[in-house]
Amino acid sequence: MQEKLDDLKKRLAEISDINNAAAVLGWDQQTYMPPGGAAARAQQLATLSHLAHEKFTDDTIGCLLDELHAYARSLPYDSDDASLIRVTKRDYDKASKVPPSLVSEIAHATARAFEAWRKAKAESRFSDFAPYLQRNLDLKRRYAECLGYTDRIYDPLLDDYEPGMKTTQIEAIFTNVKQEIVPLVHAISSRLNVVDNGFLYQTFDEQIQWDLGMDVARLIGYDFERGRQDRSPHPFTTSFSIHDVRITTRFMNNYFPAGFFATIHETGHAVYNQGLRYELERTPLADGASLGAHESQSRMWENLVGRSRPFWKFFMPRMKAVFPEQFKNADAEKMYRAVNRVKPSLIRVEADEVTYNLHIMLRFELENALLEGRITVDDLPEIWNCKMQEYLGITPPDDAHGVLQDVHWSHGSFGYFPTYSLGNFFAAQLFDQIRKDIFGLDRHFEKGEFHILLDWLRAHLHTHGRKFTLDELAKKITGESLQTRSFVAYLKNKYGEMYSL
Ligand code: ZN
């Protein structure tokens with residue numbers, strides 16, 4: 001049996017090398033590659049992805065997994081070997097159900113759709129993008145049919161990003177949270193002026209912003225011996241190894257929170273990957289458990305830590321030291337309130353903590369309605385605007401600020417959006433547990449001792465890699481399934497106090 005397991009591991013290690021090499025090319029594409037390199041890079045990436053797919057769906061891997069099935073069952077569920085075999089089997093079953101011709105059709109269609117989306121967004125004309133979106137939808141329906149489902153067509157798509165999660169579970173969670181958040185948004189909307197953030201809009205030197213970002217990333221515990229930061233138009237985190245996890249950021253020179261919180265967010269993703277156990281390297285287990293689990297880490301550092309009062313008690317003197325003019329009249333309390341200001345807005349990526357999930361719910365509802373044929377692509381702009389009015393009380397002035405704002409549908413990434421909200425909910429659930437486990441957490445933060453949180457996350461979450469699903473992790477770490485009670489209570493406490501509700 002050991003021989004078979006070794007054979008499997010050797011093959012998976014090679015596939016992991018190919019995928020990680022492709023990730024290096026992808027990182028370069030978004031950071032340093034000159035525009036002229038685009039066509040060649042697309043070919044190189046397509047070749048590597050084809051190679052990795054071919055190697056992974058090879059019958060030999062299927063046979064090895066079948067032969068190792070009984071052995072895996074004989075081991076503890078959470079052991080490295082049992083988890084490797086279980087998770088690889090899950091990936092293999094999905095990958096081998098989709099014909100390579102469909103995979104490449106989707107790759108080509110989404111590449112064209114992305115270009116069409118960019119132009120349509122620049123000109124704010126949804127009708128130019130509609131045929132490409134229709135094509136992506138048709139292909140994703142076929143993809144979902146290949147994978148199969150018993151209940152909802154959305155299930156297999158969601159499963160790509162959040163293994164094991166079902167559409168009806170998300171519907172139940174969202175309905176529940178929406179009932180709590182919509183009234184909160186309306187209550188705050190009548191008191192928007194209670195919080196002032198005007199002083200965040202000033203001129204901030206970019207090099208100083210960069211240094212500040214590096215400072216905060218180090219404080220969180222990002223290891224620059226095993227990572228680096230660069231610039232890109234859309235910040236992201238990528239990993240080529242547990243020993244090489246990189247982040248990117250961007251800055252606005254008239255609004256410092258954009259770059260500052262982007263850096264904290266990506267650092268949250270990066271320390272997750274840096275915290276994986278070395279034994280998982282070059283296996284399918286060497287990543288975060290799911291997109292929701294990953295987002296729980298980025299959002300925890302960004303919001304539950306970076307937008308907390310104790311954080312600013314510690315960090316404000318540093319801020320005032322580097323931007324003495326800009327913040328001469330501000331203190332930690334003013335900063336805490338300013339960076340948390342709630343304002344229903346059109347753009348998801350700029351949304352505050354209270355309104356953010358409503359943006360996600362809107363997209364989730366539309367994606368399901370589209371896939372199930374309850375609405376058509378042509379209906380989208382109008383329904384989008386109606387829902388924005390219903391949930392957030394605002395109507396987009398044009399398609400660019402409405403239905404065209406996100407890149408995901410051009411990539412054919414249906415099923416992706418809910419993971420953002422799951423990350424927010426899971427972060428709050430974990431944080432309740434962390435407060436039980438670490439005495440005086442706020443006092444540690446006030447002294448700049450953030451390693452205490454990172455150590456906890458490493459021991460309880462990061463170490464497991466992809467061994468468990470989000471729900472399994474929730475049960476293992478907090479003793480109950482994923483819940484939204486913690487998140488709702490967090491919002492009500494924090495914003496109830498801030499807005500004197
Ligand atoms: Zn993220």
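1. A good place to start is where the two domains meet: 34 residues of domain 1 touch 40 residues of domain 2, counting heavy atoms within 4.5 Å as contact. Keep in mind as you look around that this is a predicted model.

2. Which stretches of the chain are these domains? The domain assignment places domain 1 at 2–131 and domain 2 at 167–498. Their centres, taken over C-alpha atoms, lie 26 Å apart.

3. Now for the size of the interface. The accessible area lost when parts come together is often used to express this. Here, domain 1 and domain 2 bury about 3,000 Å² between them. Carbon and sulfur atoms account for 59% of that buried area.

4. Let us turn to the charged and polar links. How many salt bridges does the rule find across the interface of domain 1 and domain 2? There are 5. To see a salt bridge in the model, look for Asp78 and Lys476, whose side chains meet at 3.8 Å, N to O. The two domains also have 14 residue pairs in polar contact, with both residues at pLDDT 80 or more.

5. Next, try tracing the side of domain 1 that touches domain 2. Helix 1 (2–31), helix 4 (80–97), helix 5 (100–123) and helix 6 (126–147) each contribute at least two residues to that side. Which helix gives the most? Helix 1 does, with 11 residues.

6. Finally, what kinds of residues make up this side of domain 1? The division is 16 nonpolar, 9 polar and 9 charged. Colouring the residues by these classes is a friendly way to explore the picture for yourself.

Definitions and conventions:
Residues numbered from 1 in each chain as written. Predicted model: local features only at pLDDT ≥ 70, side-chain atom pairs only at ≥ 80, totals over all residues. Heavy atoms only, no water. Domains from an automatic or database assignment. Buried area = accessible area lost by both parts, 1.4 Å probe. Salt bridge = Lys/Arg side-chain N within 4 Å of Asp/Glu carboxyl O. Polar contact = N/O pair within 3.5 Å; in protein donor to acceptor, adjacent residues only side chain to side chain. Helix = DSSP H or I, 4+ residues; strand = E, 2+ residues; numbered from the N terminus. Nonpolar A, V, L, I, M, F, W, Y, C, P; charged D, E, K, R; others polar.
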